[in-house]
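Let's take a friendly walk through a protein structure, one residue at a time. Keep the picture open beside you and look up each place as it comes along.

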Amino acid sequence: QVQLVESGGGLVQAGGSLRLSCVVSGKIFSRCAMGWYHQAPGKERESVAVITSGGSTTYADSVKGRFTISRDNAKNTVYLQMNSLKPEDTAIYYCNARIPGNYGLWIDYWGQGTQVTVSS
């Protein structure tokens, strides 16, 4: 079964940087679309950044120009480099792996989440 292990969250001042990492177990990492999602208190979980198996990236408007998602298939790891952090970035960040399933469906796997807190 696929497992995701996250690290890198913490407390940082506004304008600072953090790098989140997510190590994915299993043999199918290179076939997975990977994403980072966040969830702030009282809000729904939202997509922050996605990278496909082919390396194409998509970002939420709120983080464009500040965050960068990347993957290292040799290490089964996806990263989220977060620069110029703002207090509104404060949330729990979750790593996601999306794997093609049968009959045109997808299977989603999630990490446990890591807290990012940005102080003003």
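We start at T114, which is found in strand β11. Please keep in mind that this is a predicted model. T114 is buried, with a relative accessible area of 13%; the cut-off for buried is under 20%. Which residues does T114 touch, once its neighbours within four places in sequence are left aside? They are E6, G9, L20, A91, I92 and Y93. With G9 there is also a polar link: the side chain of T114 has a polar atom 3.3 Å from the backbone nitrogen of G9.

**The strand at the start**

E6, one of the contacts of T114, belongs to strand β1, residues 4–7. In a regular strand, side chains alternate between the two faces of the sheet. Strand β1 shows this alternation: L4 and E6 point to one face and are buried, while V5 and S7 point to the other face and are not buried. β1 runs antiparallel to β3, and four bridges join the two. One place to look is L4, whose bridge partner in β3 is V24.

**The nonpolar core**

In soluble globular proteins, nonpolar side chains tend to be buried together. Here the largest nonpolar core has 29 residues. Which members touch the most other members? They are M34, W36, F67, V78, L80, M82 and Y93. At least two core residues come from each of β3 (18–24), β4 (33–39), β5 (46–51), β7 (67–72), β8 (77–82), β9 (91–100) and β11 (114–119). The largest share, five residues, is supplied by β9.

L80 gives a good view of this region. Apart from its neighbours within four places in sequence, L80 is in contact with L18, R19, L20, W36, V48, A49, F67, T68, I69 and Y93.

From there, turn to I69, which sits in strand β7. I69 counts as buried, at 4% relative accessibility. Beyond its neighbours within four places in sequence, I69 has contacts that include M34, W36, V50, Y59, V78 and L80. For a sense of scale, I69 and Q13 are 56 residues apart in sequence, and their C-alpha atoms are 21 Å apart in space.

**A buried arginine**

Is R66 buried or exposed? R66 counts as buried, because its relative accessibility is 10% and the limit is under 20%. You will find R66 in the loop between β6 (57–59) and β7. Its side chain makes a polar contact of 2.8 Å with the side chain of D89. Leaving aside neighbours within four places in sequence, R66 is in contact with Q81, M82, N83, S84, L85, K86 and D89.

**Rings and charges**

How many aromatic pairs does a search of the whole structure find? The search finds one. The pair is Y37 and W110; their ring centres are 5.0 Å apart and their planes are at 70°, so the pair is edge-to-face. Y37 lies in strand β4 and W110 in strand β10 (residues 106–110), so the pair ties together parts that are 73 residues apart in sequence. Y37 counts as buried at 17% relative accessibility, whereas W110 is partly exposed at 33%.

W110 has other partners too. R45 lies over the face of W110, 4.7 Å from the ring centre. N96 stands opposite W110 in β10, and β9 and β10 pair in the antiparallel sense over five bridges. Elsewhere, R71 lies over the face of F29, at 4.6 Å from the ring centre.

**Backbone turns to look for**

Most residues other than glycine have a negative phi. The table lists some residues where phi is positive.

| Residue | Place | Phi |
|---|---|---|
| N76 | loop between β7 and β8 | positive, about 50° |
| S84 | loop between β8 and β9 | positive, about 50° |
| Y103 | hairpin of β9 and β10 | positive, near 60° |

N76 is partly exposed, with a relative accessible area of 21%. S84 is partly exposed as well, at 40%, and S84 is one of the contacts of R66. In the hairpin that holds Y103, five residues lie between the strands.

Methods: Residues numbered from 1 in each chain as written. Predicted model: local features only at pLDDT ≥ 70, side-chain atom pairs only at ≥ 80, totals over all residues. Heavy atoms only, no water. Core = buried A, V, L, I, M, F, W, Y, C linked by side-chain atoms within 4.5 Å. Buried < 20%, exposed > 50% of the residue type's maximum accessible area, 1.4 Å probe, protein only. Contact = heavy atoms within 4.5 Å. Polar contact = N/O pair within 3.5 Å; in protein donor to acceptor, adjacent residues only side chain to side chain. Pairing = 2+ DSSP bridges. Phe/Tyr/Trp six-rings, centres within 6.5 Å; stacked < 30°, edge-to-face > 60°. Lys NZ or Arg CZ within 6 Å of the ring centre and 35° of its normal.
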